[in-house]
Amino acid sequence: MNYKNFIAGSWEETSDSCANVNPSDISDVLGHAAQSGTAEMDRAIAAAKSAAPDWAAATPQQRFDVLDFIGSEILARREELGQFLSREEGKTLPEGIGEAARAGQIFKFFAGECLRQNGDKLASVRPGVDVEVTRSPIGVVGLITPWNFPIAIPAWKIAPALAYGNAVVLKPAELTPACAWLLADIISRSGLPEGVFNLVFGRGSVIGQHLVDHPDVAAISFTGSVSTGRGIAVACAKGMKKVQLEMGGKNPMVVLDDADLDLAVEACLNGAFYSTGQRCTASSRLIVTEGIHDRFVTALGSAMQALKVGHALEAGMQMGPAVDGRQLDQNLSYVDIAAKEGGKVLGGHRLSLQQEGFYMAPALVTETRNDMCINREEVFGPVASVMRARDYEEALVLANSTQFGLSAGICTGSLKYASHFKANAEAGMVMVNLPTAGVDYHVPFGGTKGSSYGAREQGRYAAEFYTRVKTAYTLP
Ligand code: ADP
């Protein structure tokens, strides 16, 4: 399979291509993706620029029909798309199918939003004058996406971009071209006018940077690493572009003495290790009060060791491989560092299975302190650390002592502590008796501090980023 660029309504090959390898079995090559240069990116941006005015003027019904078509086809093909996703990215098949379904639901939600675009009509402070506040599209938006949710993240950027009347250039992650291609293939048959959606494959540092720097691009929505995100913010400020960044997390999960032990173990098992820990909302710092600490660590340790790790498409697997060799090495080196810093490590070794892939046993590091590297930096793998806290007050201080602020969780039976935590956790999303990962699609997603920058994604709040506001005064 060749994953071609989609520019101005046509599929285009490039002279260079890059192999797409299954992380569960490196002998399985899914296909080859185009490797573009700045010339292809320039043509995609030009196509989007010339298609933007007509799409901005399209009726709500036209936009609804396109988004509804895309959402319906994704939902109808969720099993097949989920299978591709798991084969390409390495999350288990139920997780892959769940993510594909999520992408379909997102398009359906924003199809509805096409019909609900409204503004405000106000009385003026001046006699006889009417004031109207409306939202307009911003023009060409550049979408830069990571590999860990290779269909859901493109969906939650493309769907609102199109619903609010913008033209799109998508630059997906190098490691997951198949999911982006499958989505583009569906979009290409949706009735969307040529040039409104464009897909360009290639290196982030080359064509991603070119997209960010291009003067015809009005806004950039990015999900990825902190260092790349910071560079993009600076470049966008220079170009006076709107920018939205979703970056890392080091999400705390507080477990109090009065928590339901089974529920807490289940929430942490899911939050820390599902999707191989490759979620920016993963529960990576478990902060546990003294009275429950030892029971919790024993129970979570045995539940973690019982997890079935293997080929993402094999039935019954609970954790797949790391996405590639570089990520696996990074995970293992963080486990090493944690041990050298004095943490007690359970699991965390490389696994050799029947087929060659990027496998490791999930790791639980206990007896850690918040100033250790393992509690400061995002691993992005199946590695969780445990800290002891005297009481709720100390647990809250530890939870907030981080440069990140995406998601924060607490397991407790106490309404008093749950309410206090919801109000005082320095995070964009707070979970009570639920894993830090796992969110709805119709409400805002995003964080505080070093995790996010700019307007929120998802739900109706997406309009903040994908539109600009106009105020009109009329003397009738
Ligand atoms: P990761 O380490 O998870 O791959 P990155 O931040 O490097 O995270 O990548 C996220 C996305 O950003 C990918 O699509 C990647 O190609 C893209 N990217 C990487 N570097 C740049 C850059 N300098 N400018 C724009 N996009 C980039």
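Gln355 sits in the loop that runs between strand S15 (344-347) and strand S16 (363-366). Do keep in mind that this is a predicted model. Although Gln355 is a loop residue, it counts as buried because its relative accessibility is 18%, and the cut-off for buried is under 20%. The side chain of Gln355 also has a partner: a polar contact of 3.0 Å joins it to the side chain of Tyr359.

Moving on along the chain, we come to Glu367, in the loop between S16 and helix H12 (373-376). Its backbone deserves a look, since phi of Glu367 is near 60 degrees, a positive value in a residue other than glycine. Is Glu367 buried or partly exposed? At 35% relative accessibility, Glu367 counts as partly exposed.

Asn433 lies in another loop, the one between strand S19 (429-432) and strand S20 (452-453). Here, too, is a residue other than glycine with a positive phi, near 60 degrees. With a relative accessibility of 28%, Asn433 counts as partly exposed.

Now for the ligand. Where does the ligand sit? The ligand is placed in the largest pocket. Three elements each give two or more residues to the shell around it: helix H7 (204-213), strand S11 (219-223) and helix H8 (226-238). Of these, H7 gives the most, with four residues. There are 18 residues around the ligand, and those that come nearest are Thr145, Lys171, Glu174, Gln209 and Ser225. Sorted by class, the shell has six nonpolar, nine polar and three charged residues.

For anyone setting up a closer look at the ligand, these are distances from a ligand atom to an N or O atom in a protein side chain:

| Side chain | Ligand atom | Distance |
|---|---|---|
| Glu174 | oxygen | 2.7 Å |
| Gln209 | nitrogen | 2.8 Å |
| Ser225 | oxygen | 2.7 Å |

How much of the ligand's accessible area does the protein cover? On its own, the ligand has 550 Å² of accessible area, and the protein covers 79% of that.

Helix H8, one of the elements that give two or more residues to the ligand shell, also holds Gly231. At 37% relative accessibility, Gly231 counts as partly exposed. Gly231 and Val212 are 19 residues apart in sequence, and their C-alpha atoms are 9.9 Å apart in space.

Val141 makes a good last stop. This residue is found in strand S8 (residues 140-144). Val141 has a relative accessible area of 1% and is therefore buried, as buried means under 20%. Which distance separates the C-alpha atoms of Val141 and Leu170? They are 8.5 Å apart, while the two residues are 29 residues apart along the chain.

To recap the accessibility values, Val141 at 1% and Gln355 at 18% both count as buried under the 20% cut-off. Asn433 at 28%, Glu367 at 35% and Gly231 at 37% count as partly exposed.

Notes
Residues are numbered from 1 along each chain as its sequence is written. This is a predicted model: local features need pLDDT of at least 70, side-chain atom pairs count only at pLDDT 80 or more; totals for chains, interfaces and linings use all residues. Side-chain values use heavy atoms; hydrogens and water are left out. A residue is near a molecule or strand if one of its heavy atoms lies within 4 Å of it. A polar contact is a pair of N or O atoms within 3.5 Å; within protein, one must be able to donate a hydrogen and the other to accept it, and residues adjacent in sequence count only if both atoms are side-chain atoms. Accessible areas come from the Shrake-Rupley method with a 1.4 Å probe; for residues, only the protein chains shown count as cover. On a 1 Å grid over the protein atoms alone, a cavity is a set of points where a 1.4 Å probe fits but cannot get out, and a pocket is an open set with protein on both sides within 12 Å along at least five of seven lines; lining residues have an atom within 4 Å of a point. A molecule sits in a cavity or pocket if more than half of its atoms lie within 2 Å of its grid points. Ala, Val, Leu, Ile, Met, Phe, Trp, Tyr, Cys and Pro count as nonpolar, Asp, Glu, Lys and Arg as charged, and the others, Gly among them, as polar. Buried means under 20% relative accessible area, exposed over 50%, partly exposed in between (1.4 Å probe, protein chains only).
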